[in-house]
Every structure is written in C-alpha cells, then in structure tokens.
Amino acid sequence: MLWSAIFVAGVLFGTSLALVQPSHLVSIARARPAEGHVASIDLGRVSEQFESVARQCSPAVLYVEATKPSPAHGAGNKPLEESGSGVIISGVSTGTTILTNNHVIAGALPQQITVSLADGRLYHPARVWADPESDVAVLRLDGVSGLPGLPLGDSDQVRVGQWVVAIGSPFGLNQTVTHGIISARERGEISLGSTIRIKDFLQTDAAINPGSSGGPLINLNGEVIGINTAIASHNGNNSGVAFSIPINLVKLVVRQLLEKGNVSRGYLGMQLAQSFEPADAFRLGLDRVQGALVEVVYPNTPAAEAGLRAYDVVTDLNGTAIRGENQLINLISAAPAGQRVRLRVWRDRREEKIEAVIGDWSKAQDRFRPQS
C-alpha cells in the first residue's frame, strides 16, 4: 500500500485525543465458539460496556499545549504553538505522572507547557523528561493529588482484531469517543523524521486525527497498551490507519527516564536496508523474506570487529528469529553495552554463527547522527 504521507497526530493550534478500551468486554472478546458455530454476541451488553469504559476512562485523558520557540530565528517571528494529548498513569509513586509524545512538547520549557484536565483545571508540569528516539515524553505534576490514573498493560499480548476506543479532543472537540480494532502489530516501515529511531508500532483503525498525539490506547481490561503517535493519510486527517507505540517499549523508556534522566541503548554499527523484497531474498538464496539485510558495516564498530559484512542477512539474535530491520534495531538498542550476543547470519547461501559485543550508543551516536 502506498500512502501520500505519514503525519504525527499532533497539530499546530490543535487538540488532543486518547485511546481507551472497555474493561468488561474481555469475556466476549475472548470467547471461542465451538468448531463450525458462530458465537452470538449480546450487542446491548457490548453497548453498555463501551459506555462504561468511556465514562470511567475519560477523566484520565487530558489535553497538552506547548509554546515553542519559532523555528525561524529573528525579530518578529511568533512562537510555535502545538497541542496533543496525554494520559495520567497509575503505579508511579512520586507525583502525578503523565505520558505523551516528545514531538508534542519538544523545545518547550515546563512553564511553557499547559496541561488541561478533563474537569477544566490547568497545570504546568514541574518536571519534563523526553526521549526523542522513541518519541516518548513524561510530565510530572507535583502537589496535585487525587487525579485518576490508568494502569499499564502488556502490549505483547495484544491481538489483531481486538477492540479499542479513542477518547480525546480531535479538532478541539473535547472528550470525543470513537472506537475501532487493532489492525496489525509490529509496524515499522514508516518514516517519522530523523530523531525517531525506535519503531515497532501497533496499527489501529480507531479514528485518530490531528491533536491525538500522546493519547493512550487501552485494552479490554482497562490497561494502556500503547501511546498514539502518527496517522497515515492523504490529507492529514483520519483514513483508518494510525500508529501507537507499544506500552512495553514505553515502560522501558519511562523507567530509565525517571531513574536516570536518560535512556541507555546499545548499538553494533551497521546500516540495515529499510526494505527487504522477495527479489532480494531469492537473489541471496533464501526461500522466504525474513531477517534484516545489512547494507553497510561501519569501520571501527562492534559490527566490524565481529566480522559482519554488507549483504549479510541477520536471521536470529540470541535465539529470537528476526522478522525485519526494526525488530533487530529494537533488540540491539535494548541490550546493555558490553553484552555478548549470538547472531545467525545468512551469507554466501549458507548460515554462519557470529558473536558480537554490544557497544554504547550514547558514546557513538554523534558519529552516525544525520547532519542538519
């Protein structure tokens, strides 16, 4: 499928949106009919459950506005105003913790960020943490208690076809409720700019529009399973293809941000092909399109020291089969510097085993960062 553009779901002078889901529908969603029979569904009960979820989850969804310096320097340039969504999460002991997207608040100081609660109260965050590479940001409200928070779920358990509900403020229409399903998992073949490097999205057809960035995607147990980030669209509006950061990835990022103030990541030092086509697989002697194709191995890197080469196809990392380049990037990024990893590599029409030592991305990233 070809899309004319991928848009982050935030918008200048826009509004917020969050994804939510019914918590008591799990028995309906997980029911397995006997072979040859179609399960009957009580639509009245389903309707009541959607209504219950909308009522219970809306108070934890909020609106985030940020005033940023103008991208064009010089006198007379107006500040840039951007808006998006956020969600209050439970289970964090210190202060009121809010999840949103980095691109919503990037470049703004805490006093330039305004959080609007569902009941209309306004706050500036006391602290802001952000990770541009995953597009995750954390806001903390100090001295504010009694706000509702949503629990974090397990995005590894998300199933294609699972119901989701969106609650937010698309186009300034606050507390709007929409619903859809999980359309696909492990989407990484989208471009969101040079800073967002960690990509492994959940895809949904729930109506997501400008102002949705940073809103939550929630499962049938009432747990956040993703943070909305982008939409695929011809005109910037909802077309039924939207993307959310899986909450398990968000958990890893948030834990390090709150504990250390930054995110530690590993690297090997190779460039992977963004697409691996059937013709490429046949040419290399593979019978299926699976793995990550190495395009370039940079000198004086862990990959070069391990003996990796251009046109190698990495098919396995520490016993985990590699489906594509984004999965391999995410697995290597999550590994600590100094860890020895085992790779299975398809080279010259046969499989080889290679060991490599993960490097420290924080010490090497300036070398590989795109120059502006």
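Let's start at Leu268, which is buried, with a relative accessible area of 3%. That is well inside the cut-off, because buried means under 20% relative accessible area. Keep in mind that you're looking at a predicted model. The chain has 372 residues, and buried ones make up 49% of them. Its secondary structure comes to 8 helices and 24 strands.

**Around Leu268**
- You'll find Leu268 in the loop between strands S17 and S18, the latter covering 270–272.
- Pro302 sits 34 residues away from Leu268 along the chain, yet their C-alpha atoms are separated by 5.0 Å.
- Leaving aside neighbours within four places in sequence, Leu268 is in contact with Thr301, Pro302, Ala303, Ile332, Leu343, Ala356, Val357 and Ile358.

**The chain as a whole**
- Take the contacts between residues at least 6 apart in sequence: 66% of them join residues at least 24 apart.
- The accessible surface comes to about 17,800 Å², and carbon and sulfur atoms account for 50% of that.

**Helix H8, one side in and one side out**
- H8 runs over residues 361–368, and its buried residues are Trp361, Ala364 and Gln365.
- These three cover an arc of only 120° around the axis, so they end up on the same side of H8.
- Here's the background: an α-helix has 3.6 residues a turn, so residues three or four places apart point the same way.
- Flip to the other side of H8 and you meet Lys363 and Asp366, which are exposed.
- So what covers the buried residues of H8? The cover includes strand S17 (266–267) and strand S24 (359–360).

**Strand S11 and its partner**
- In S11, residues 163–168, 5 of the 6 residues are buried, so the strand is largely enclosed by the rest of the structure.
- S11 pairs with strand S12 (residues 176–187) through 6 bridges, and the two run antiparallel.
- To spot the pairing on screen, look for Trp163, which stands opposite Ile181 in S12.

**The S22–S23 hairpin**
- Strands S22 (residues 340–347) and S23 (residues 350–357) run antiparallel, joined by 8 bridges.
- One pair to pick out is Arg342 with its bridge partner Glu355 in S23.
- The two strands form a hairpin with 2 residues between them.
- Asp348, in the turn, has a positive phi of about 55°.
- Leu343 and Ala356, among the contacts of Leu268, bring us back to the residue we began with.

**The second largest pocket**
- This pocket has a volume of about 800 Å³.
- It is lined by 34 residues, and the closest to its centre are Leu249, Leu252, Asn330, Leu331 and Ala334.
- Which elements each supply at least two residues of the lining? They are S12, strand S13 (201–204), helix H4 (247–260) and helix H7 (325–334).
- H4 gives the most to this lining, with 6 residues.

**A loop residue with some exposure**
- Asn221 lies in the loop between strand S14 (216–218) and strand S15 (224–232).
- Is Asn221 buried, exposed or partly exposed? Its relative accessibility is 35%, so it counts as partly exposed.
- Pro151 is 70 residues away from Asn221 in sequence, and the two are 9.4 Å apart in space, C-alpha to C-alpha.

Conventions:
Residues numbered from 1 in each chain as written. Predicted model: local features only at pLDDT ≥ 70, side-chain atom pairs only at ≥ 80, totals over all residues. Heavy atoms only, no water. Helix = DSSP H or I, 4+ residues; strand = E, 2+ residues; numbered from the N terminus. Buried < 20%, exposed > 50% of the residue type's maximum accessible area, 1.4 Å probe, protein only. Contact = heavy atoms within 4.5 Å. Areas by Shrake-Rupley, 256 points an atom, 1.4 Å probe, with all protein chains shown as cover. Arc of directions from axis to C-beta. Pairing = 2+ DSSP bridges. 1 Å grid on protein atoms, 1.4 Å probe; cavity = no way out; pocket = protein on both sides within 12 Å on 5 of 7 lines; lining within 4 Å. Points joined across faces, edges and corners; volume = space filled by probe spheres on them.
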